Amino acid sequence: CLSDWSSDVCSSDLEAKKRRAQVLELVNEGRVLVQSQVRFKHLVQRFLDVRVPQLGFAAQKKYATQIKNHILPAFGELRLCDIDRPAVEEWLTGKATGLSWWSRIDLKGILSAIFTAARNWKLWSGDNPTEGVRVGRKLLIREKRLLTPEQMRSILAALSDRERFLVLILLGTGIRISEALGMRWADIDFAQGTLEIKRRWYRGDLSDEGCTKTENSTRRIQLGPLVSEFAQRNPGPQAKDHFVFIGDDGVMPPDDRDLLRYEFRPVLKRLKLYYPGFGWHAFRHTFG
């Protein structure tokens, strides 16, 4: 009996040593991380340095702003293991008084992306704490209005020539404001009456050729009667590489926010057509 017992003990000891060697091998290879020691703010800094630059210009600005103003103040000093679903849901519920439903959806998406990156980098092996989190009921904070033909005629009559031309393009083609401001004269085929959309200008950032907001956004569209409007303003072949709309510097396009603030909103307020949330999407929605 003693011999059998001794044999069992030796077998267990050998198994324990074998298991210990396997664990040490994992540790020595750097495949084990004490997650309780990882601060969320350190993960976020790596996310900002590595992942955010891979996003589009507008998304980069949104991620950086939301992380700085909302995510880091709430979770920056916590460990990854301290951030769970109840904590995230309580945080988003507390944001309901100051942020719209869409803004809270954005925050949830950004936080989810951070934990997904952590998992890809082997810095986190637990559940994504945003999974299953409720954001609440969707409430419309800003109105969405379609402009009537009478309202559009009033707006066009009150605008200066450049802004009137811009609105005609948005209404006649349904393109985005960033695509309209990114147009060069070379993009217009006057013989065929077409416009090639292949870049965008967004608040100081000019995309590469063939790089628009989405893959399907790079396209050729028919201008119809608008081609005559372009022809009247065409400065000639020597300016084919110039932008159609030029800002105050005389070279690059204007900022769409400046156009809204200083050109469009004063006109709309004077005509009593302004409403909170009015933006370029109003013309795109009217076209649709």
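Here is a short numbered note on the packing and a few single residues of this predicted model.

1. Some ground rules. This is a predicted model, in which local features need pLDDT of at least 70 and side-chain atom pairs count only at pLDDT 80 or more, while totals for chains, interfaces and linings use all residues. Residues are numbered from 1 along each chain as its sequence is written, and side-chain values use heavy atoms, with hydrogens and water left out.

2. A good place to start is the largest nonpolar core, which has 39 residues. Such a core is a set of buried Ala, Val, Leu, Ile, Met, Phe, Trp, Tyr and Cys residues joined through side-chain atoms within 4.5 Å; buried means under 20% relative accessible area, exposed over 50%, and partly exposed in between (1.4 Å probe, protein chains only). Phe230, Trp280 and Phe283 touch the most other members. Among the elements that each supply at least two residues are helix H6 (149-158), helix H7 (161-173) and strand S2 (194-197). H7 gives the largest share, seven residues. Helices (H or I, at least four residues) and strands (E, at least two) are DSSP runs, numbered from the N terminus.

3. Now look at Phe230. Beyond its neighbours within four places in sequence, Phe230 is in contact (heavy atoms within 4.5 Å) with Phe165, Ile169, Met183, Trp185, Ile188, Phe190, Leu223 and Val244. Another core, of 29 residues, lies apart from the largest one, and its members include Phe40, Tyr63, Ile71 and Ile114.

4. How do helix H2 (residues 40-50) and helix H5 (residues 101-120) cross? Their axes come within 10 Å and cross at roughly 90°, so H2 and H5 are roughly perpendicular to each other. Axes here are lines fitted to C-alpha atoms, for helices over the stretch in contact, with angles from 0 to 180 degrees between N-to-C directions; 65 to 115 degrees counts as roughly perpendicular. Phe40, Leu43, Val44 and Phe47 in H2 meet H5 residues including Leu111, Ile114 and Phe115.

5. Gln66 sits in helix H3 (residues 57-75) and is buried, with a relative accessible area of 12%. Setting aside neighbours within four places in sequence, Gln66 is in contact with Ile71, Ser103, Asp106, Leu107 and Ile110.

6. Finally, two backbone points to check. Arg203, in the loop between strand S3 (201-202) and strand S4 (205-206), has a positive phi near 50° without being a glycine; Arg203 is partly exposed at 27% relative accessibility. Lys272, in the loop between H10 and H11, also is not a glycine and has a positive phi of about 60°; Lys272 is exposed, at 77% relative accessibility.

Technical notes
Parallel < 35°, antiparallel > 145°, perpendicular 65-115°, else oblique.
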